[in-house]
Protein chains: 2
Amino acid sequence: MTQLRLALAQVNATVGDLTANAALVREHAASAAAAGADLVAFPEMVLTGYPVEDLSLRTSFVEASRTAVQQLARDLAADGLGELPVVVGYLDRVTDPETQLDAEAAARAGSGRDERGVVGMPKGLPQNCAAVLHRGQVVARYAKHHLPNYGVFDEFRFFVPGRDLLVARIGGVDVAVVICEDLWQDGGPVERAREAGAELLLVLNGSPWERDKDDTRLALAQRRAAEAGCPLAFLNLVGGQDDLVFDGDSLVVAADGELLARGAQFAEDLLVLDLDLPQNGLDPQALPAGVQHVVVRDRPASPGSKRPAVAVVERERLDPVGEVWAALQLGLGDYVRKNGFRKVALGLSGGIDSALVAAIAVDALGPEAVTGISLPSSYSSEHSRTDADDLAERTGLDYRTIPIAPMVDAFTAGLSDAMKLSPVAEENLQARVRGTTLMALSNSEGHLVLATSNKSELSVGYSTLYGDSVGGYAPLKDVPKMLVWELARWRNAQAEARGEVPPIPENSISKVPSAELRPGQTDQDSLPPYEVLDDMLEHYVVGAQGRSELLAAGFEAEVVDEVVGLVDRAEWKRRQFAPGVKISSVAFGRDRRLPITTHWREQQSR
Amino acid sequence: MTQLRLALAQVNATVGDLTANAALVREHAASAAAAGADLVAFPEMVLTGYPVEDLSLRTSFVEASRTAVQQLARDLAADGLGELPVVVGYLDRVTDPETQLDAEAAARAGSGRDERGVVGMPKGLPQNCAAVLHRGQVVARYAKHHLPNYGVFDEFRFFVPGRDLLVARIGGVDVAVVICEDLWQDGGPVERAREAGAELLLVLNGSPWERDKDDTRLALAQRRAAEAGCPLAFLNLVGGQDDLVFDGDSLVVAADGELLARGAQFAEDLLVLDLDLPQNGLDPQALPAGVQHVVVRDRPASPGSKRPAVAVVERERLDPVGEVWAALQLGLGDYVRKNGFRKVALGLSGGIDSALVAAIAVDALGPEAVTGISLPSSYSSEHSRTDADDLAERTGLDYRTIPIAPMVDAFTAGLSDAMKLSPVAEENLQARVRGTTLMALSNSEGHLVLATSNKSELSVGYSTLYGDSVGGYAPLKDVPKMLVWELARWRNAQAEARGEVPPIPENSISKVPSAELRPGQTDQDSLPPYEVLDDMLEHYVVGAQGRSELLAAGFEAEVVDEVVGLVDRAEWKRRQFAPGVKISSVAFGRDRRLPITTHWREQQSR
């Protein structure tokens, strides 16, 4: 048995910010050293952030990442941390196509097509890599083998797959290092790690949160640990980045599947634990083909004088709705912070969607950073004002009121000579005056505007282009309406349990939903009941089921045709919106596009 | 020698419209039969349209395509065309993973991960296929081997690669059928076609237009014909589809590289020509591994009684600027038609961008389908009105005038209690009142709104979100400013040469560009001269070059830093725009994304 004190640094990296990400590594490496760690690891692409997307095709960025990882090794040594092996994810490239690609790939890499790059290979041959840093140098390197290319992932566009397995001897332990998708593949590097005799499998991840994904990860980690015949450490990024949220929730399991440690959800964390590791007797002279063995430290940091064991750690777990709240709060907060904004603005209608967005924003940024504007029109109900007032009072946000009737009237009068406004045009005018007003505030005071549409509305096109769809971030774009209500009730109950004022007015939760763009209007004039709509959307949009599958799943033909018609028509509406724009149906790692076109109608499949 | 009368049907298919696309095939097959063809071929994915994107992941759509190709075979027979072999592109799927995928792929296809599909394989195992239809049946099938996944292509997401080569004996000739990217790959199916003894290489394409791509294609076809040792027919789609334009320009070359025929550019065409083909002596009993040989017709349609040869065809070629004009006209026209619009609207500022868009729209749709609205503010110059009037008179479009000062004043007054408007906010207000006005027309009368921003402006963020960026289609989004002027002069010269009235007012071409959002403003107050800007953007955005490469290319450091700063800041501006939206920098098959993020600044690479 060898004992290894392992530190997993679950940090919040920012795409493109090499300097800040390197500083994050140095800071957490220092903490790990202070805790007596023999090894500290950081997540997939920690140095560049994940997802880098097209940045991987810019030579200057790849070279900057290569330079930064070398500099980081030197800086760690200068910090006095040179003896501590540090594993970091970063962006590298194939430097020697002849030997580092397999024969077929090398042949393709040699057949340049044009300035867009090499046929079948991303330009510049970038790779998603892990490096082991020690004594001021990069002493070993691993390139991800399996590149996910579904859902939110497009890694075939951005990376060249690696081929060799890395086993690094650290503190006398043979550690196999793999990256994210490598773990999900049957017959992938895990099998080779066992063949090679690895004693610990370290997996660096940039694994976005999805609802209920956590248990999938644990079950997978347990299965792979058994296959690898050694403990497995699953280390994940944390933080919001663009339209993804990484939830952390790193975990360590023993070879027999026992959960040894689990990190915080939706927050940075440094997990430190002692592992007792059997010696699997890896023989560097008799390794399977394609395994690189590198000796970093051939013995524990303090051989013979074992320190007191660090306790097994498990953080408090969030409940399912609490997870969604945490994801929304972190996603919004990081989008604002990482894009250099300091405050947000939104229209407050008195309805549940804007109330929920306001409450999330206040949790993420504090009330002083959130401006809510009541924008009543001549069709607005009395309660649209009073419920907005109530919300403002409960949350303490910056509250303003701007009646929009004068601007709407100016349009109605100004356009009357040139066109006859249709009823729909009149409804949309109100929403667009509100959007223009919010953008005037944004331009004048620097707010990021938040759009308040939920996933149910967006899927069926129940919103106004350039109106309520205005905004740089739409916190609810992947939250169906039924879940909107559930989140509001959950948050209020949390507040009550803590003896605080519930942020969301009860009337906003209980009243009948309405866009209030004409007198007496309700959502259900145009849409099926939300419990039916949301269930159908889950099957039709997210599950990509066809009409016959929907009928087989028990939906009534009439409802199927109504909802399918609405979703397909919404796609047509989006054709009127902004050059080349496709609305994403997703925040959280589910399907990326609404897979509908103007001409294919699911009704045709009858 | 065997003689084969080959018909290539270069048609304009619509994504998702299986019914209309099948009708297109039947119509052109009838024409080919009337011309005495022994074989008629249609482009890649003609039955479904290309690109289908996420539709390939919908089971119901894949099944509809599979059903449609069978139905098409029966319908052709019912049309009396059953004896004519017809080759069509369509969407199919792997039906038997065990035998149709290679061992590694089959192993992966067996390891389901979750409802999003199989690890490493698109859900449902869709394939980009060609079918040979004869006597009411699908008699042979080929699945594309090489899947492009760069630039505008994402085929690794959407298709499973094929493995076997198809050689179909048609009219006594052994025809190898491959699809698009298969031709670009060194060591791809072309080599195997030669080994198999193919006598004609038929390539079905969905190959988007790029500037100067035509010559690349001809040179490639000549090289591959030599490698295949037989004539090569390169058949391409035509038409606009979403943000791509397919230019047709199909071509046939002899084994020695001689150009035998070339189809129309940017228009449907049916190329019919007689090929004298040597018999390469393919032996069905001695084929290389992985080659499927299917006998469709073992002899010519009219053996012994050769018909008079059809003349070699070559259509008139467009000049380089004429190609751009044709692409813009076809792209706009098809976007409007394929999305079910009948008319378009745009704001006319008197400037060159809106004048050019109006002229393109009038060419594409006719003057009665184009509404131009002059939207003068209190800062608009006299010539902004008179030049717009002049354009309207020259083109005959539907012309209206709506002064925006009353709406702008209503905003200024209505917002004054709640905020202090910044100068930029005041400028943007004007643009947003214009956008709202155009959308009111769209909602009332059904116009598609056209955005008039050019690529130079969009790249540096010199436009107003929800203002002049409003619109469902931006014809100039991939046209840099210098090319805007060149196109205007080209179109006017064409008109003059034909004795027609030039559509674009000379003053719109010659005056100093200005957004006219404050008194005396010109573009060059904020931007470098356009000849410098455009050149830099070509290197920095399209070519993805870094700072050191730009300096090495001879740009001055000051200009590099200015433009790079503008482009990077524009990416930040886009973060304020619409949930999850990434602006495409491309119409025509160049780079797909502006590869910049908020945190990576090219200036850092100093």
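Q: Angles under 35 degrees count as roughly parallel. With that in mind, why are H1(A) and H2(A) called roughly parallel to each other?
A: A quick heads-up: this model is predicted. Helix H1 (residues 18–34) and helix H2 (residues 59–78) of chain A pack at an angle of about 25°, with their axes 10 Å apart. That angle is under 35 degrees, so H1(A) and H2(A) count as roughly parallel. Their crossing is right-handed.

Q: Which residues make the contact of H1(A) and H2(A)?
A: H1(A) brings Leu18(A), Ala22(A), Val25(A), Arg26(A) and Ala29(A), while H2(A) brings Phe61(A), Ala64(A), Ser65(A), Leu72(A), Asp75(A) and Leu76(A). Sorted by class, that gives eight nonpolar, one polar and two charged residues. Arg and Asp count as charged, so Arg26(A) and Asp75(A) are the charged pair in that list.

Q: What makes E7 and E16 of chain A edge strands?
A: Start with the sheet: it is open, has six strands in the order E7-E6-E3-E2-E1-E16 (chain A), and mixes its pairing. Strand E7 (137–143) and strand E16 (269–277) each have a single partner strand, so one side of each has no neighbour in the sheet. From one strand to the next, the twist averages 30°.

Q: How do you know that E3 and E6 of chain A pair, and in which sense do they run?
A: Two strands pair if there are at least two bridges between them. Strand E3 (residues 86–93) and strand E6 (residues 126–134) of chain A have eight bridges and run antiparallel, so they pass that test. For one of the partners, take Asp92(A), which is bridged to Gln127(A) in E6(A).

Q: Why is E9(B) described as largely enclosed?
A: Buried means under 20% relative accessible area. Seven of the seven residues of E9(B) are buried, so the rest of the structure largely encloses this strand. One side has Val173(B), Val175(B), Val177(B) and Ile179(B), and the other has Asp174(B), Ala176(B) and Val178(B). That two-sided split makes sense because side chains in a regular strand alternate between the two faces of the sheet.

Q: Where does E9 of chain B sit in the sheet order?
A: E9(B) sits between E10 and E8 in an open sheet of seven strands ordered E15-E14-E11-E10-E9-E8-E17 (chain B). On one side, E8(B) joins E9(B) antiparallel through five bridges, with Arg169(B) opposite Asp174(B). On the other, E9(B) and E10(B) pair in the parallel sense over five bridges, and Val178(B) faces Val203(B).

Q: What makes Arg135(A) exposed rather than buried?
A: Exposed means over 50% relative accessible area. Arg135(A) has 52%, so it makes the cut. Arg135(A) lies in the loop between E6 and E7 of chain A, and has a positive phi of about 50° although it isn't a glycine.

Q: And why is Cys180(B) called buried?
A: Its relative accessible area is 6%, which is under 20%, so Cys180(B) counts as buried. Cys180(B) also has a positive phi, near 45°, without being a glycine. You'll find Cys180(B) in the loop between E9 and helix H6 (181–184) of chain B.

Q: Which residues does a cis peptide bond join in chain A?
A: Tyr50(A) and Pro51(A), with omega about 0°. Pro51(A) is in the loop between strand E2 (39–41) and H2 of chain A. Over in chain B, a cis peptide bond joins Tyr50(B) and Pro51(B), with omega about 0°.

Terms used:
Residues numbered from 1 in each chain as written. Chains lettered and ligands numbered in written order. Predicted model: local features only at pLDDT ≥ 70, side-chain atom pairs only at ≥ 80, totals over all residues. Heavy atoms only, no water. Helix = DSSP H or I, 4+ residues; strand = E, 2+ residues; numbered from the N terminus. Buried < 20%, exposed > 50% of the residue type's maximum accessible area, 1.4 Å probe, protein only. Axes fitted to C-alpha atoms, helices over the stretch in contact; angles between N-to-C directions. Parallel < 35°, antiparallel > 145°, perpendicular 65-115°, else oblique. Left-handed = near helix turned anticlockwise from the far one by under 90°. Contact = heavy atoms within 4.5 Å.
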